[in-house]
Structure formats: structure tokens, C-alpha cells
Amino acid sequence: MSQQSKTILSRGLSRRGLIKAAGVTAVAATAGVIGARSTRYAIAGNLIPIKLEWTEVAACHSPVGFGLAKGIYAKHGLDVELFYQGSSGQTLIQALATRKAEAGPGLLYDWLKPIEQGFDVRLFAGSHGGCQSILVKPDSDIKTLTDLKGKTIGTFDVMSPSRVAFSVALAKAGLNPETDVNWKVFPFDLVAEGVLKGEADAVAHMDPWAYSYEKQHGFRRVADTQTGTFKDRVCCVLGVNGDYYEANKDAIKRVAAANLEIHQYTAKHPDEVAKWYFDTLKPGLSLEDLTEVLAAFTYHDHWFGKDLLKEVQIGYEDLKLTGVIDASTDPAEIAGRVTIDIFA
């Protein structure tokens, strides 16, 4: 499986400014989607065709591919084609903006700024919690988020989902995520090397790579997106182009129902999904490790309707805290406007 990554250096750049700029204008200026490719299986019958984007490299998205291969989408009357949109949240937005896909899962925080800037997307289902961590070497004196003050955190992109999420966690822990810590970007596969070589004090990454650092290097987890401020919170949600939704409400309702079934199945059978992931995507971890990774995610929790609305509102409040969302934005108003109660 090829690894796509950006190696944009972060020194001298404002994280807030970069993330705030990565909305509609950035989408419009981008001609294509990095690392893009499509996957589909032969389907028989009169089914509704739909293209779903996904992040193939992310362990947490593997149930989507598994659900397609197992026929769960077809069971719900859908002929799904998967579009691999790369490992960046901004290519997620590009995939929908350029109509490479109509809908799909993405990290909650990745959706919010582009939506605030006018990108026409509706959010209709929560997927799971967990999948990102901050890790340190086993002998590090860093025990908590506040211990990261004055330290350097390595990540794989200047706007990586891990950086955005843990900027929120740092802010809630009383630190300024721009001035109290340093962020340093490494190539996607070499973030752990930065810590091992002393070029960074901690690493912020997503699974299965974060998990692999614990296994291979004995790294210790300081925080993740299942504990602390993220306890019982949704991590990834499904969004759909607004105009597509208005014309295809039944199809999106079917997507929501199919994903609910897929995630319920994954919660009960993480070994089966891990086996598909291991055989199909070859992520470089053992089957046992992949099973443990998937079993750790909160696929048994589900966010629809009022529960999803609450999560979207909290997400906007979180990003206002870090300055990503404009101070004038009303989290309750915008959440109510863009969140669909899909099973109402």
C-alpha cells in the first residue's frame, strides 16, 4: 500500500492561519486530490450508485471497505464506489468539492471550518471515537498534557488531524497550543524517528501508526481521543454534499443505516474486519495488532439526531477556543443548520 504524505515545514507559519485558510478558497484553488483512486466490487441488481470517499490508510476507516466487500451496502440497496481521498483532512473536502465523491466519513474537526466558510455539506451520522494519540518515549518525563509546555511535538502534516485535535486538548489543559508548544512536521512514516533522534519530544499521530509506535518502540501514551476531554465524544462523522442530499435523501438514509450496521458488526467482530484490512490493505502490522487496534475504537457508540447535533456544536466551541473558528460564529446556530436528523 502506497503511503502519501506532505512534508510541509511548519516553522514560521501560524497553525491558526493555516487551518483557517484551508476552507473553500483552498478547495477552489486545488485542481485534484492527492493519492486519489477508486475501489468497487461487482454488484448485481438494481441498486442506487453512490461514491463514498474514505481514508484508506486509516485503521478506523477499514470497516467501510469491509462493509463494501461483505455486501452490507448492497444489502441496503446501494452500489458503492469508494474513492480514496488521501490522508489529509483537506483532501477530504476537495473530494466532495470536486465531485469525486458525494459523501463519506471524516474527522469532525476537518469538516467544521470549511462549513463555516460556506462549503455546502450536511453532517448526518457519527462513526466512532478514538484513533489518535500523543506518545512519548518510555523514559520521558512527560506524563500529562501540561508537561508538554515548551516541548516539541512531531506530526505528519502542518494541518494534521492529530494536531488540530490535540490543540483543543492542550487549550483545555490551560496551554496555548501555538505559543506554549512547538509543532514540527516529519514525513508520514518517519514521525517516530523524529522522537527517537531527539528532534521532537512527543509524537501526535493516528492509528494504526500510533499503536505501532507503542509496540515497536515502547512509546507511552500521554493522551488520546477517547479519554480526557474526548471521553464519550465522536471522532469521525459522515458528511454529504448539500445539493446531493436534497436530491437523494433516500440514498443518504441508506448510507447511514448501512454504516450503522457495519459499525455494530465491527464492534462485535473486530477480528473479521482486521483480517480484511490485513489481507487487502497490508498496513504493515500483524493481524493480532490490527485486531487489538480495531477492538479499541468505540464502534459500539452511535451518534445520530440530537446526539450528533450536540457533538457538532461542541466541535465548533472547541475550535473557537483555539481560534480556528471565528469569534462571531454561533456554534448552536451553525450546528443546527448543518446537522441532519437522518432517521427522523
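A salt bridge is a side-chain nitrogen of Lys or Arg within 4 Å of a carboxyl oxygen of Asp or Glu. The exercises below apply this and related criteria to a predicted model.

**Exercise 1.** Determine how many salt bridges the structure holds, and examine the one between aspartate 243 and arginine 99.

*Solution.* Counting under the definition above gives 17 salt bridges in the structure. For aspartate 243 and arginine 99, the closest N and O atoms are 2.7 Å apart, and the pair qualifies because the cut-off is 4 Å. Next, locate the partners: aspartate 243 belongs to helix H10 (residues 242-247), whereas arginine 99 sits in the loop between helix H5 (89-97) and strand E4 (103-107), so the salt bridge ties together parts that are 144 residues apart in sequence. Finally, consider accessibility: aspartate 243 has a relative accessibility of 41% and is therefore partly exposed, and arginine 99, with a relative accessible area of 43%, is partly exposed as well.

**Exercise 2.** Classify arginine 221 and aspartate 224, which form a salt bridge, as buried, partly exposed or exposed.

*Solution.* The closest N and O atoms of this salt bridge are 3.1 Å apart. Arginine 221 has 34% relative accessibility and so counts as partly exposed. Aspartate 224 has 11% and counts as buried, because buried means under 20%.

**Exercise 3.** Find the network of salt bridges to which aspartate 120 and arginine 122 belong.

*Solution.* Begin with the pair itself, in which the closest N and O atoms of aspartate 120 and arginine 122 are 3.8 Å apart. Aspartate 120 is partly exposed, with a relative accessible area of 39%. Following the salt bridges onward, one arrives at a network that links Asp120, Arg122, Glu246 and Lys249.

**Exercise 4.** Count the aromatic pairs, and assign a geometry to the pair of phenylalanine 66 and tyrosine 265 and to that of phenylalanine 188 and tryptophan 209.

*Solution.* With ring centres required to lie within 6.5 Å, the count comes to 8 aromatic pairs. Phenylalanine 66 and tyrosine 265 are 5.8 Å apart centre to centre with 25° between the planes, and this pair is stacked because the angle is under 30 degrees. The stacked pair links distant parts of the chain, with phenylalanine 66 in helix H3 (residues 62-70) and tyrosine 265 in helix H11 (residues 249-268), 199 residues apart. Phenylalanine 66 has 6% relative accessibility and therefore counts as buried.

For phenylalanine 188 and tryptophan 209, the values are 5.0 Å centre to centre and 85° between the planes, which makes the pair edge-to-face. Both phenylalanine 188 and tryptophan 209 are buried, and ring pairs link them with Phe156 into a cluster.

Terms used. Residues numbered from 1 in each chain as written. Predicted model: local features only at pLDDT ≥ 70, side-chain atom pairs only at ≥ 80, totals over all residues. Heavy atoms only, no water. Phe/Tyr/Trp six-rings, centres within 6.5 Å; stacked < 30°, edge-to-face > 60°. Helix = DSSP H or I, 4+ residues; strand = E, 2+ residues; numbered from the N terminus. Buried < 20%, exposed > 50% of the residue type's maximum accessible area, 1.4 Å probe, protein only.
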